[in-house]
Amino acid sequence: IEDGERLYKSPANVILSGNINTSLDDIGNTVLSGQLKNIGGQRADFSKIHMTLYRDWSKKLEPKTFSVFVNGETHYLNPEDSTVVSLNSLSPKSQASFELHVPQNFGTVMSWTYNIDYEEYE
């Protein structure tokens, strides 16, 4: 679809690519890791995942939400001002990894839900 000189591109659309993997690091912290992928037509800046972690099935212990940015591309949002930069950008069709370290004192992670968040700048 053409609008004057500019070709329409679908907005950014960041999804989980594959599964979220769990492991333990050297000091006993739980590590949740995976990949996010931009399947849209625009760049997604400041891409991150928010994960709400549950410690028991009865939900007596309050869940806690952690957020982590992806290890994405570096993009300067304003070419004239190099202080406005995203280190977590995903170009269309690109993907990047994330790694969330949950402190050992949180307890056993039984389950989780997640929400993906990003911004779009031209």
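Which residues does Asn21 touch, not counting residues up to four places away in sequence? In this predicted model, the residues in question are Val31, Leu32 and Ser33. Asn21 lies in strand β3, which spans residues 14-24, and with a relative accessibility of 43% Asn21 counts as partly exposed, because buried residues fall under 20% and exposed ones over 50%. Although Asn21 and Ser33 are separated by 12 residues in sequence, their C-alpha atoms are 5.2 Å apart in space.

Strand β3 belongs to an open sheet of 3 strands, arranged in the order β3-β4-β9 with antiparallel pairing. The edges of this sheet are occupied by β3 and β9 (95-102), each of which has a single partner strand, so one side of each is left without a neighbour in the sheet. On average, and with direction ignored, neighbouring strands of the sheet are turned by 20° against each other. Strand β4 (residues 30-38) runs antiparallel to β9 and is joined to β9 by 8 bridges; Ser33 has Glu99 as its bridge partner in β9.

The largest nonpolar core comprises 21 residues, of which Leu36, Met51, Leu53, Phe98 and Val102 touch the most other members. At least two residues of this core are supplied by each of β3, β4, β5 (45-54), β6 (64-69) and β9, and the largest share, 4 residues, comes from β9. For Val102, when neighbours within four places in sequence are left aside, the contacts are with Asn29, Thr30, Leu32, Leu53, Phe66 and Val109. Leu32 is thus in contact with Val102 and is also touched by Asn21.

How values were computed:
Residues are numbered from 1 along each chain as its sequence is written. This is a predicted model: local features need pLDDT of at least 70, side-chain atom pairs count only at pLDDT 80 or more; totals for chains, interfaces and linings use all residues. Side-chain values use heavy atoms; hydrogens and water are left out. Buried means under 20% relative accessible area, exposed over 50%, partly exposed in between (1.4 Å probe, protein chains only). Contact means heavy atoms within 4.5 Å. Two strands pair if DSSP finds at least two bridges between them. Axes are lines fitted to C-alpha atoms, for helices over the stretch in contact, and angles run from 0 to 180 degrees between N-to-C directions. A nonpolar core is a set of buried Ala, Val, Leu, Ile, Met, Phe, Trp, Tyr and Cys residues joined through side-chain atoms within 4.5 Å.
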